[in-house]
Amino acid sequence: MKNQNWLKLTTLNLSLMLTACATDKSDEIKEEMKISDSVILYNQLGYLPEANKQVLIQSDTRVSYRVNNSDGQSVLSGRSAEPETWPFSEQKYSLIDLTELSVNGNYQLTLPEHAQSIEIRVNNQLYRDALKQTVKSFYFNRAGAQLEPEHAGVYARKAGHPDDKVLIHSSAVSEQRPEGVVVSASKGWYDAGDYNKYAVNGSVALYTMLLAYQDFKATHTLDLNIPESNNHLPDMLDEIIWQLDWLVNMQDPNDGGVYHKLTTKNFSGKQMPVDANETRYMVEKSVSGTLDFAATMAFAAQVLSEQTPEQAKHYQQAAVSAWRWAEQNPEAVYVQPGDIKTGAYATSQQNLVDEWFWAATELALLTNNNQYWQTLADYSKAQMAVPSWSYVAPFAWLRLAEQYLNPDWQSKAKQAVLTVADKLTETQLNSAIGVPMGSYDNDFVWGSNGVAANQVLVLNKAYRLSKQPRYKQAAYAGLDYLFGKNPTGYSYVTGIGVKTPMHIHHRISEADAISEPVPGLLAGGPHSGQQDKCDGYPSDLPALSYLDHWCSYSTNEIAINWNAPLVYALASVQ
Ligand code: 9MR
């Protein structure tokens with residue numbers, strides 16, 4: 001038991017104080033009952049001074065509250081709103097609005113009738129620290145790197161997975177590269193809690209990081225204390241290049257096709273990277289991996305054209321040859337070979353429209369070549385939504401909305417982005433817990449917290465396009481959800497908050513013999529699937545079906561495609 005029981009413990013301490021004063025047993029019991037029927041759910045990172053500040057009380061009745069500043073002076077008091085039920089947890093919540101607290105500081109929120117008290121922080125610096133921590137988590141997940149104590153502190157570790165001797169798998173043979181030929185694709189980030197590297201998800205995460213780098217100057221000045229910190233490039237870019245250096249080698253230079261993944265045959269045990277040394281394979285070229293690669297390389301060529309012009313040219317060539325391969329092999333859908341058991345990241349033939357649309361868009365923006373503009377028009381039935389690894393069209397819409405090469409597409413895309421943002425904002429405004437989650441039918445999926453983070457990304461883009469404050473406030477509310485204003489009461493980012501995941505499904509965190517998990521990692525989040533069949537889920541309801549246990553790979557794993565939009569979301573509020 002670690003800090004996840006903080007709320008309970010606080011309640012218990014207060015309850016003990018109360019019971020000490022109680023005159024008889026029945027008073028004690030009454031107090032216990034009152035105390036246990038309320039839970040305070042709030043953003044444990046803190047609230048931005050300019051943000052609306054909601055706190056939820058899980059309660060069937062309204063409650064009184066009082067807020068003191070750090071000098072103990074009362075600054076606010078009142079009663080919470082009429083409770084409402086949130087369908088995703090089937091519980092009632094009563095809202096407290098602390099928006100008036102617009103001055104940086106630590107405040108004490110007390111519910112006198114419930115003998116409960118918590119600290120509310122209002123502070124913008126906290127968001128900068130959180131941004132740094134979440135970007136640094138990519139460094140902690142580097143493949144092929146030895147982490148030195150000066151950069152990694154207690155999380156220093158030996159290198160594993162050099163990936164300089166990767167075998168061509170039987171599913172990936174070509175004339176130039178028969179089965180068993182040795183190729184190299186070093187560096188990159190581990191995908192998640194496992195040690196494999198997947199072209200689809202690796203591209204999506206990298207693209208999202210590039211987007212954060214492109215959109216927010218705040219990411220350029222982060223001092224991450226990584227081995228490259230003293231070179232002439234921003235640390236964020238160094239971290240991005242670690243992944244680019246790997247991804248570019250997932251392409252077969254002979255034909256432009258991209259291997260779907262670099263993987264062991266099975267998931268490894270709970271070992272540190274250095275000890276997990278099973279043979280690694282390049283598995284099957286796929287059209288989805290190749291198109292996602294093409295989109296990401298084309299975008300990298302644009303973002304890095306000034307800082308690393310030589311590499312940018314190389315990325316452009318890689319993107320164009322990947323596109324050609326996809327055109328020549330449109331049927332090459334990924335099918336998991338029988339002897340490979342790791343993540344599939346597979347997309348069916350009829351669901352590839354979004355991949356084509358995304359890659360065509362990035363190549364059009366890079367080259368302004370008519371051929372790509374024509375193709376993207378052909379695939380534009382892939383509508384705007386919230387992006388994910390399995391639905392990448394939104395990346396294209398978001399980019400089309402912010403470009404000036406093609407004004408028709410610009411206005412069409414702007415409208416598409418604002419329509420989705422309106423839906424998210426409307427949900428947030430009408431929600432019993434004041435969050436955008438629940439806007440679409442499939443929000444509570446494997447990686448629901450990645451959905452929540454990507455919602456913030458979309459809302460922020462809408463704000464950039466329109467300067468409408470409601471989008472910004474909905475984005476803040478999305479962050480509130482991730483940092484604790486949600487039915488489980490978890491701040492889902494390791495190391496940030498008072499009740500955070502301690503047992504994430506992350507091999508390094510599990511095997512390193514350090515009790516605290518690697519910091520800055522976003523847990524996948526609740527959903528009803530429970531595919532891991534673990535015991536102990538507190539509920540089957542979508543927003544409560546979460547388990548902070550290593551066993552729960554379907555709700556408590558971490559992944560780069562969930563952390564990357566969190567980076568974007570935190571950068572967007574700087
Ligand atoms: O994020 C992926 C999710 O959408 C899928 O439903 C799930 C099962 O296929 O896989 C998730 O991705 C995992 C990947 O396959 C392997 N590395 C860990 C990823 C996060 O759990």
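In this predicted model, the ligand is surrounded by Asp191, Ala192, Asp194, Tyr198, Gly343, Tyr345, Trp389, Trp446, Glu557 and Trp562. Sorted by class, that shell comes out as 6 nonpolar, 1 polar and 3 charged residues. Several of these neighbours also place polar side-chain atoms by the ligand. For Asp191, a polar side-chain atom sits 2.9 Å from a ligand nitrogen. Glu557 and Tyr345 face oxygen atoms instead: the distance is 3.0 Å for a polar side-chain atom of Glu557 and 3.3 Å for one of Tyr345. On its own the ligand has 450 Å² of accessible area, and the protein covers 77% of that.

Turning to the strands, an open sheet is built from 4 of them, in the order S1-S2-S6-S5, with antiparallel pairing. Strand S1 (39–41) and strand S5 (84–86) are the edges, each pairing on one side only. Going from one strand to the next, the twist averages 40°. At the S5 edge, the link to strand S6 (residues 91–97) consists of 3 bridges, and the two strands run antiparallel. Within this part of the sheet, Trp86 stands opposite Gln91 of S6. As a general matter, strands of a sheet pair through backbone hydrogen bonds, in either a parallel or an antiparallel sense.

Both senses turn up around strand S13 (residues 281–285). Strand S9 (residues 166–168) pairs with S13 in the parallel sense, over 2 bridges; here Ile168 has Met282 of S13 as its bridge partner. Strand S12 (residues 259–263), by contrast, runs antiparallel to S13 and is joined to it by 4 bridges. In that pairing, Lys261 has Val283 of S13 as its bridge partner. How enclosed is S13 by the rest of the structure? Buried residues make up 5 of the 5 in this strand, so S13 is largely enclosed.

The loops offer a few more details. Asp164 belongs to the loop that runs between helix H4 (149–152) and S9. Is Asp164 buried or partly exposed? With a relative accessible area of 38%, Asp164 is partly exposed, because this value falls between the 20% limit for buried and the 50% limit for exposed. Asp164 also comes together with a residue from elsewhere in the chain: Ser186 is 22 residues away in sequence, yet the C-alpha atoms of the pair are 5.9 Å apart in space.

Ser439 is found in the loop between helix H12 (407–430) and helix H13 (448–466). Its relative accessible area is 8%, so Ser439 counts as buried, the cut-off being under 20%. Between the C-alpha atoms of Ser439 and Thr427 there are 5.6 Å, with 12 residues separating the two along the chain.

His506 sits in the loop between helix H14 (469–482) and helix H15 (507–511). At a relative accessibility of 1%, His506 is buried too. The side chain of His506 makes a polar contact of 2.7 Å with the side chain of Ser509.

Terms used:
Residues numbered from 1 in each chain as written. Predicted model: local features only at pLDDT ≥ 70, side-chain atom pairs only at ≥ 80, totals over all residues. Heavy atoms only, no water. Pairing = 2+ DSSP bridges. Axes fitted to C-alpha atoms, helices over the stretch in contact; angles between N-to-C directions. Buried < 20%, exposed > 50% of the residue type's maximum accessible area, 1.4 Å probe, protein only. Near = heavy atom within 4 Å. Polar contact = N/O pair within 3.5 Å; in protein donor to acceptor, adjacent residues only side chain to side chain. Areas by Shrake-Rupley, 256 points an atom, 1.4 Å probe, with all protein chains shown as cover. Nonpolar A, V, L, I, M, F, W, Y, C, P; charged D, E, K, R; others polar.
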